[in-house]
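Me: I am new to this structure. Please take me through one part of it closely, in short steps.

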Amino acid sequence: MKKLNYLYILYGVWIAMFFVLTFFFSKNYNLFFLYAVIMFPTSQYVMKKRKEEINQMWGLVEELDMSIQTLSQISGIGILDLKATKFKDNGAYFPSQKQVKQTIEQLKQIKNSTAENQ
């Protein structure tokens, strides 16, 4: 795994431990409030990044004029799941980040190969 993934895992474990220790073993609810203040912007940032990746994937699909069936074969994500990701503001479904990134890379390769052939 990449170093950044380890940092995300470490950060997530730290936040979870902080939540458990604060909420269950301490009656200091100021710390719980601090946890909520930290987690809300963090989760908003992560969701914004995921939406941008999905929108980038759909942008590449539109550039390549590709059908949803072909995208499903390339990505390994089901057709109904792909349709659920298409809502740009609030996607109803978020496939794994790994699948989305791999799909984006494959679509970029297809785009580059079609540009070279023309």
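Reply: What follows is a close look at helix H2 and the places it helps to build.

The model is a predicted one. Helix H2 covers residues 29-64. Start with arginine 50, which sits in this helix. Arginine 50 is buried. It has no salt bridge. The nearest side chain of opposite charge belongs to glutamate 53, 4.3 Å away. A salt bridge needs the charged atoms within 4 Å, so this pair does not count as one.

What does arginine 50 touch, then, beyond its neighbours within four places in sequence? Its contacts are Phe94, Pro95, Ser96 and Gln97.

Arginine 50 also helps line a pocket, the second largest. This pocket has a volume of about 210 Å³. Gln97 is in the lining too. So are Tyr8, Tyr11, Thr42, Tyr45, Val46 and Lys49. Helix H1 (3-25) and H2 each supply at least two lining residues. H2 gives the most, with five.

Now move along H2 to the largest nonpolar core. This core has 13 residues. Those touching the most other members are Met57, Trp58, Val61, Leu71, Leu82 and Leu107. Three elements give two or more residues each: H2, helix H3 (68-75) and helix H5 (97-117). Here again H2 gives the most, with five residues.

Take methionine 57 as one example from the core. Leaving out residues up to four places away in sequence, methionine 57 touches Leu82, Thr103, Ile104 and Leu107. Leu82 and Leu107 are also among the core members with the most such partners.

To sum up, H2 is the top contributor to the lining of the second largest pocket and to the largest nonpolar core.

Terms used
Residues are numbered from 1 along each chain as its sequence is written. This is a predicted model: local features need pLDDT of at least 70, side-chain atom pairs count only at pLDDT 80 or more; totals for chains, interfaces and linings use all residues. Side-chain values use heavy atoms; hydrogens and water are left out. Helices (H or I, at least four residues) and strands (E, at least two) are DSSP runs, numbered from the N terminus. Buried means under 20% relative accessible area, exposed over 50%, partly exposed in between (1.4 Å probe, protein chains only). Lys and Arg count as positive and Asp and Glu as negative; His and the chain ends are not counted. Contact means heavy atoms within 4.5 Å. A nonpolar core is a set of buried Ala, Val, Leu, Ile, Met, Phe, Trp, Tyr and Cys residues joined through side-chain atoms within 4.5 Å. On a 1 Å grid over the protein atoms alone, a cavity is a set of points where a 1.4 Å probe fits but cannot get out, and a pocket is an open set with protein on both sides within 12 Å along at least five of seven lines; lining residues have an atom within 4 Å of a point. Grid points are joined across faces, edges and corners, and a volume is the space filled by probe spheres set on the points.
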